[in-house]
Amino acid sequence: MTTTTVISTEQQVCQGVNCDKAATLQCPTCLKLQFPNSFFCSQGCFKDNWATHKAIHKIAALVNGPPAEEGGSDPWPGFKFTGSIRPHYPLSPRRLVPDHIARPDYAETGVPLSEYSVQRSNAIEALSPEDIDKMRVVCQLAREVLDIGLAAIRVGVTTDEIDRIVHEATIERGAYPSSLNYNGFKKSCCTSVNEVICHGVPDQRKLKDGDIVNLDVSIYKDGFHADLDDTVPVGNVDETGLRLIKTTRECLDKAIAMVKPGTLYRDIGNVIEKHATSQGFSVVKSFLAHGVHRHFHCTPNFPHYGRNKAVGVMKEGHVFTIEPMINEGTWKDVMWPDDWTAVTQDGKRSAQFEETMVVTKTGVEILTARRG
Ligand code: MF3
Ligand code: CO
């Protein structure tokens, strides 16, 4: 129980049983939950009535949903948020990309037409050694950009500021930030905090002590896309949060260790799910690993969960991501009405790691790995 707060100048009557004194102290929990008229005449009366009063909090939380974060907005009347993260609008104005930087086909229209044209086929392209050289270059630049973005993450920084830093680091390297206007996405990276599984849109929310945040960077240069992400703690994160992050990285590493010619794409999910569940965590089902090279998203597409029916066998020259999203609670996701932000259905946290890789003659090369 915390102390009460003075907020009312109007006449209120104390909620204490058998007390009808004038009251100016409001229960801080009711205040957060936007539950009205819970005033008390004194700290003592509040304490005496605590055992019965606190039952109201459960009911108020059920009726009103969890408390909105300070400074957050509620632009979607009737939408039930699953956790405590809220959008913090307005988004900053669209960031510009200088004319000399080559753009993917969707940069102006938002529509990735060339991706649609290859989506009907199940064929997986094997890249030539020359193309793989180009992938190596863009993937290493993307790792640099991600590391610059990660270095800016600390308590009090807005996710929009992270987006600005990522955007500038990307264009400084002569690259286009692949997410910008991809199917209408408004920013140059994704920032997914706590219960946000993926595709969080950078906004005016300040990172808080105890948050976990995934930064997802994708860039396009010389005709090729690179895609990677990491999850990091902000300030002091509890033991479960740190274990969630560590387990997610281990899931990715165990999956990558299976990559070699002849491995079935559908088997990747089995090792990820086995490790995640051994730690009491679950695997997100709605978002898949994907091919990435001339297109931002192409074949192969395969789930991170076990016993799936993905088609295809790995062959030398195949280039794709693996990007498991691992949840503290349920695997189920809910989409915000912005049609991008995916959150956990139970409001518990989610972590993700992603690398872009190429199948080699004998195994795998992690193109986005931090080198040197
Ligand atoms: N980078 C994400 C992925 O891993 C895709 C982001 S699409 C965006 O596949 F439009 F949301 F940026
Ligand atoms: Co990806």
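What share of the 372 residues in the protein is buried? Buried residues make up 52% of them, and this is a predicted model, so keep that in mind for every view below.

**Figure 1. The whole chain, with 10 helices and 18 strands.** Along the principal axes, the C-alpha atoms of the predicted model fill a box of roughly 80 × 45 × 40 Å. The domain assignment splits out domain 1, residues 7-63, and domain 2, residues 124-366. Taken over C-alpha atoms, the centres of domain 1 and domain 2 sit 46 Å apart. Contacts with a separation of 6 or more are worth a look too: 68% of them in this protein link residues 24 or more positions apart.

**Figure 2. Helix α7 and what covers its buried residues.** Helix α7 takes in the 23 residues 129-151. At 1.5 Å a residue it should span 33 Å, and its end C-alpha atoms are indeed 33 Å apart, so expectation and model agree. Plenty of α7 is tucked away: the buried residues include Asp 131, Ile 132, Met 135, Val 138, Cys 139 and Leu 141. Further along α7, Ala 142, Arg 143, Val 145, Leu 146, Gly 149 and Leu 150 are buried as well. An α-helix has 3.6 residues a turn, so residues three or four places apart point the same way. The cover over the buried residues of α7 includes one helix, α8 (159-172). Strands join in, among them β7 (212-221), β8 (224-233), β12 (319-322) and β17 (355-359).

**Figure 3. Thr 159 in helix α8.** Here's a close-up of one residue from the helix that helps cover α7. Thr 159 has a relative accessible area of 4%, which means it is buried, the cut-off being under 20%. A polar atom of the Thr 159 side chain lies 2.9 Å from the backbone nitrogen of Asp 203. Setting aside neighbours within four places in sequence, Thr 159 also touches Thr 191, Val 193, Pro 202, Arg 205 and Leu 207, along with Asp 203 itself.

**Figure 4. Strand β17, covered on both faces.** Five of the five residues of β17 are buried, so this strand is largely enclosed by the rest of the structure. In a regular strand the side chains alternate between the two faces of the sheet. In β17, Glu 355, Met 357 and Val 359 are on one side, with Thr 356 and Val 358 on the other. β12 runs antiparallel to β17 and is joined to it by four bridges; look for Phe 320 standing opposite Met 357. β17 also pairs with β18 (residues 364-366), again in the antiparallel sense, over three bridges. Val 359 has Val 364 of β18 as its bridge partner. Together β17 and β18 make a hairpin, with four residues between them.

**Figure 5. An open sheet in the order β6-β15-β14.** This sheet has three strands, and their pairing is antiparallel. β6 (196-198) and β14 (333-335) stand at the edges with a single partner strand each, so one side of each has no neighbour in the sheet. On average, neighbouring strands are turned by 45° against each other, direction ignored. Zooming in on one pair, β6 and β15 (residues 342-344) are held in register by two bridges, with Val 196 partnering Val 343 of β15.

Terms used:
Residues numbered from 1 in each chain as written. Chains lettered and ligands numbered in written order. Predicted model: local features only at pLDDT ≥ 70, side-chain atom pairs only at ≥ 80, totals over all residues. Heavy atoms only, no water. Expected span 1.5 Å × (residues − 1). Buried < 20%, exposed > 50% of the residue type's maximum accessible area, 1.4 Å probe, protein only. Contact = heavy atoms within 4.5 Å. Pairing = 2+ DSSP bridges. Axes fitted to C-alpha atoms, helices over the stretch in contact; angles between N-to-C directions. Domains from an automatic or database assignment. Polar contact = N/O pair within 3.5 Å; in protein donor to acceptor, adjacent residues only side chain to side chain.
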